[in-house]
Amino acid sequence: MARNVVNIEEVFKAFDIKELLVGVSLGVSEGERIGIVGRNGSGKSTLMKVIAGTELPDSGQVRKSNSARIGILSQVDIENPESTVGEVILGDTAKHEWASEPNIREVFTGLFGSFDDHIFDRKFGQLSGGERRRVGLAKLLINELDLILLDEPTNHLDVEGVAWLANHLNNRKGLAITVVTHDRWFLDAVTDRTWEVVDGKVEEYEGGYSAFVLAKAERARQGSVMDARRNALVRKELAWLRRGAPARTTKPKFRVEAANVLIAGEPEPRNQGELLKFALNRLGKTVYEAHHLQVKLGSKELFSDLYWNIGPGERIGVVGINGAGKTTLMRTLVGEIHPTAGKLVTGVTVKPAFLTQHLDELDPTWRVLEAVEKIANRVELGGGRELSASQLCERLGFDRESQWTPVGELSGGERRRLQLTRLLMDSPNVLLLDEPTNDFDIETLTELEDLLDSYGGTLIVISHDRYFLERVCDRFVGLLGDKSLRDLPRGVDEYLELREAAMRTPISIPKIKGSSSAAEERQLKKDKTRLERQIQKADTRISELEAEQDAEAFNQEKLEAVSQELNTLRSEKNKLEEEWLQITLTLEE
């Protein structure tokens, strides 16, 4: 029988007058993998903190096994910004004490690409959000713990990082995990139980996310546990899980027979023929055509001799390594960046809308509904479907009460939802979304997917959320850093295979003709020292540019120039680090 790690009994917890946990009793045993889902603000993170002991309940008990070793990854960085990465992760542990540990070396390689001094000497305060997330994960994963609690661990991680983390956790036998995340692919890959936090209670389900969706539908069929709208969305998602992503249904925890009964009369998530007809009427036959396209940012060439044809009604997911130019590609399509050579043909009827990762500044005195109605009062979705501004707000997480909230009081995630709502309200026929799922809870993501199912235009999406990509896109392209765009008939799986193959291919280092091995070694050491100086210089400049980004947040022209330089510099730094790593490995042979 598995050892019990922690139990909570009759726990109550409230903030101000809002009750988040009401008489909750549950436990975590050795080796259990539990996903925690629920709407934003429902109490998911609070539940995790109570289990970890970092938040005390108002009443009730938290009982831990005497020998239980528990660690938590939170969404808030609390490390000293002047500490180095090495100090944050390893404390005072000397390199020779940890370098021989295979698990530690695997974690560092998986999260940072290597385990060398140039990584660990950087100041924590100089790191980007994604780098800080990796540092927090490394600090947890190198320790032998009984239970780790992960609060949005995939935020800021790319598709490769999420895949590595899932694989690593699955190989840690005996480790108990609880995870709060909106990344449904990660939940399915890692968890075998699900807790849903709703109205202060915790509903328990067997299986990962797919099984959770099925169980919700089963419960809904047996009783009125959900309103008709949510029930329809659950059935629709089941239909996609069964028909759109058949690989998921091979898991024993997903009961295929029951799913088939529930969705027997459910249509395909999207009516492709109807959407294509609507898109052709709105767009004609030409959307974007790239011929011999070259795109540069400063002296950095991102695309060379690019051919790409995007047609009406296409739904394209874009994946790629950091710095390869995903966002730049979108900005080129919408005319924010001009190609340096070649030709980009844009259809005469194209009306694009681009959701960027930067938030537009809105009048803080406007109400949410007012900000949306300034675009339009009604929006046509396709197939004769229309929504009012208020209805669209509600679909994207702004209930009737919150629609009267002043814009100045919204959180960053709420402003991003408002930005997306305003874009959709303008009835674009080409929609370009750059990381649209940030700060969305699962229910709002499901509503967004349902909206996009009826979107009668061309859709292009960049996202690290694999589930969302596979759910809304029918075609995939990849940027692997070789200045080209590659079709991916097998989607994200094919991209990950190509990246893994590329990582296994050693970077060629020029040989010094006619020289002895000692001379080669001296040259390599010189190159290594040179690269370390260049990397340090790049780190300093990146920190300066990130500070400039914050300072110029309201100066669009300056912000674009700073962002371009920052993207170019990060890409160049990645290449320097790859070359440095290869030289280091060669010297160690």
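Tutor: A salt bridge is a side-chain nitrogen of Lys or Arg within 4 Å of a carboxyl oxygen of Asp or Glu. The structure holds 30 salt bridges. This is a predicted model, where local features need pLDDT of at least 70 and side-chain atom pairs count only at pLDDT 80 or more, while totals for chains, interfaces and linings use all residues. Residues are numbered from 1 along each chain as its sequence is written, and side-chain values use heavy atoms, with hydrogens and water left out.

Student: Why is the contact of Lys139 with Glu79 called a salt bridge?

Tutor: The closest N and O atoms of Lys139 and Glu79 are 2.9 Å apart, and the limit is 4 Å, so the pair qualifies.

Student: What makes Lys139 count as partly exposed?

Tutor: Buried means under 20% relative accessible area, exposed over 50%, and partly exposed in between (1.4 Å probe, protein chains only). Lys139 has 33% relative accessibility, so it counts as partly exposed.

Student: And Arg134, which forms a salt bridge with Asp158: why is Arg134 called buried?

Tutor: Arg134 has a relative accessible area of 15%, so it falls under the 20% limit. Asp158 is buried too, at 16%.

Student: Why are Tyr209 and Tyr467 called an edge-to-face pair?

Tutor: Rings of Phe, Tyr and Trp (its six-membered ring) pair if their centres lie within 6.5 Å; planes under 30 degrees apart count as stacked, over 60 as edge-to-face and the rest as tilted. Tyr209 and Tyr467 are 5.6 Å centre to centre with 90 degrees between the planes, so both conditions are met.
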